[in-house]
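Okay, hi everyone, thanks for squeezing me in. I'd like to walk you through some charges and a few odd backbone spots, so let's get the picture up.

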Amino acid sequence: MAEAFADEVEQTVTIQEYIDGIEAEELEADLVLGGDDGKECTYANGYMKRQAVFSCLTCVPSGNAGICTACSLCCHDGHEVVELWTKRNFRCDCGNSKFGEFSCKLSPNKEPENMDNAYNQNFKGSYCICVRPYPDPEAREQFEMIQCCICEDWFHENHIGLDSTEEIPRDEEGEPFYEDFICQECAVTCSFLKLHYPLLLTTEKQKNEPMLSGEEKVLEAGSSGCSNPENIDSINLVSGSQMNFSIMHSEAEEMSENKVLSHGETSGNSGLGEVNVFCDNATSNIKCILGLDISNGAFDLEKKPIFLSKKWRDLLCRCSTCTNFYIRNGLHYLIDKDDSLEEYEKIAKQKRQQKLQQEEGAETDFLEKLNHVQKIEILRGISDFKNEFHSFMESYDATKPITSADVQALFENLAKKRQRLS
């Protein structure tokens, strides 16, 4: 009896808790969607650096097409749609040749195919090396999944090539102790990152040492007991490589501000040739902070996942040699901070704040346009609801949860009282 009573009590929530829960869900949705209100197809924006993407298996069972948020809501309502979170350098496919006779309701005039779009098994609703859906209906236990920042596939934490999930860098509260993750397959392609030693988090240290900023990690890696970091001219990293501290930060910051890689932001049709020319011009005067040509380097090709620390992009070399290496290997987005999820969510928060301000302004404008009688009616309606809700809470059994039928009855009683007074 006592257990049954406890279960009933746990189901009750306060109005403030309910409101907070709704606001948290709205914020989470805005972060995933990048602040996209889902009203316009994003096709006209070209290959966007990052956007929320969905796959409609009803229209394209093969899973080689992706659609934007607005099309998932307007054109594919009621279909079997897979949410893919975000994808980089993607353009909406809705209604193109892959959809047969199906036409996009929002932007019907599309090219037959978006040649620069990349698709992986996620578009079929499969993830990880186990090629299973998420959540997996046949799994007894649902493991957390993390996304590789290179291939953008999702992996179960127990399938990323570690002996134990305990090796995943986490803080004392169990939260991720890293900014980005690279899967074991992509780790081979990105083995050159190990030359930037301070970027990498080591599982041996992660439980015993506080999180350091990018600058602090560079200093820690290269200085041994130096009491004045400002006087450090160069820092030893790996195998005698040298990096100049001031050059690394000032020039990296300048390159980020100048948006070295604008591919996808201004035009969906710009090719890598244009990116190459632009990068060669923008990076010609920057010295290599590694002191070697990474295109000729011999790297450790071990298939082991890599966990990257906060602000790791700021530490990557942006000299012409290294930049051209990124481009040739299809990794030019690594030195584009706009590609990061942090920047994506930052923009989403800004859009959300603007939306809330607009809604607040619309409410104020609405009230200002009302005449005196209309304002009195609104105030009276608010007062009546407040009194009815107060009476409801006084007479209700606090040990029982409030149901939808109770809420409906409250509004029906309120409507009856309004009819009697009118």
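Before I point at anything, one cut-off: I'll say exposed for a residue over 50% relative accessible area, buried for one under 20%, and partly exposed for anything in between. And keep in mind that what you see is a predicted model.

So let's try that out on Glu173. Its relative accessibility is 71%, so Glu173 goes down as exposed. If you want to find Glu173 on screen, go to the loop that runs between strand 4 (154–156) and strand 5 (180–182). Glu173 has company there: together with Asp171, Glu172 and Glu175 it makes up a patch of negative charge on the surface.

Right, on to charges that do find a partner. As a reminder, side chains of opposite charge can pair when their charged atoms come close. How many salt bridges does a search of the whole structure find? The count is 12. I'll show you three of them.

Start with Glu152 and Arg88. Their closest N and O atoms are 3.9 Å apart, and for a salt bridge the cut-off is 4 Å. Glu152 sits in the loop between strand 3 (145–147) and strand 4, while Arg88 belongs to strand 2 (residues 81–90), so this pair ties together parts that are 64 residues apart in sequence. Buried or exposed, these two, Glu152 and Arg88? Both are buried.

Now stay on Arg88, because its relative accessibility of 12% puts it in the buried class, and have a look at Asp339. The side chains of Arg88 and Asp339 also meet in a salt bridge, at 2.8 Å from N to O. Here the link spans distant parts of the chain: Arg88 in strand 2 and Asp339 in the loop between helix 8 (320–328) and helix 9 (341–369), 251 residues apart. Asp339 has a relative accessibility of 3%, so Asp339 counts as buried too.

Third one: Glu342 with Lys311, where the closest N and O atoms are 2.9 Å apart. Glu342 is in helix 9 and Lys311 is in the loop between strand 8 (306–308) and helix 8, so to speak two distant parts of the chain, 31 residues apart. Glu342 is partly exposed at 42%, and Lys311 is partly exposed at 41%.

Back to Arg88 for a second. Which residues get joined into one network by salt bridges that share partners? Those are Arg50, Arg88, Glu152, Arg313 and Asp339.

Okay, last stop, and this one is for the torsion-angle people: the loop between strand 2 and strand 3. Cys128 is in that loop, and its phi is near 70°, a positive value in a residue other than glycine. With a relative accessible area of 2%, Cys128 is buried.

Val131 is found in the loop between strand 2 and strand 3 as well. Its phi is near 55°, again positive without being a glycine. Val131 is partly exposed, with 46% relative accessible area.

And then there's Pro135, also in the loop between strand 2 and strand 3. The peptide bond joining Tyr134 and Pro135 is cis, with omega at about -5°.

That's my tour. Happy to rotate the picture if anyone wants another look.

Notes: Residues numbered from 1 in each chain as written. Predicted model: local features only at pLDDT ≥ 70, side-chain atom pairs only at ≥ 80, totals over all residues. Heavy atoms only, no water. Patch = residues over 30% accessible without salt bridge, like charges linked within 9 Å, V, L, I, M, F, W, Y side chains within 5 Å. Areas by Shrake-Rupley, 256 points an atom, 1.4 Å probe, with all protein chains shown as cover. Lys, Arg positive; Asp, Glu negative; His and termini not counted. Charge placed at Lys NZ, Arg CZ, Asp CG, Glu CD. Helix = DSSP H or I, 4+ residues; strand = E, 2+ residues; numbered from the N terminus. Buried < 20%, exposed > 50% of the residue type's maximum accessible area, 1.4 Å probe, protein only.
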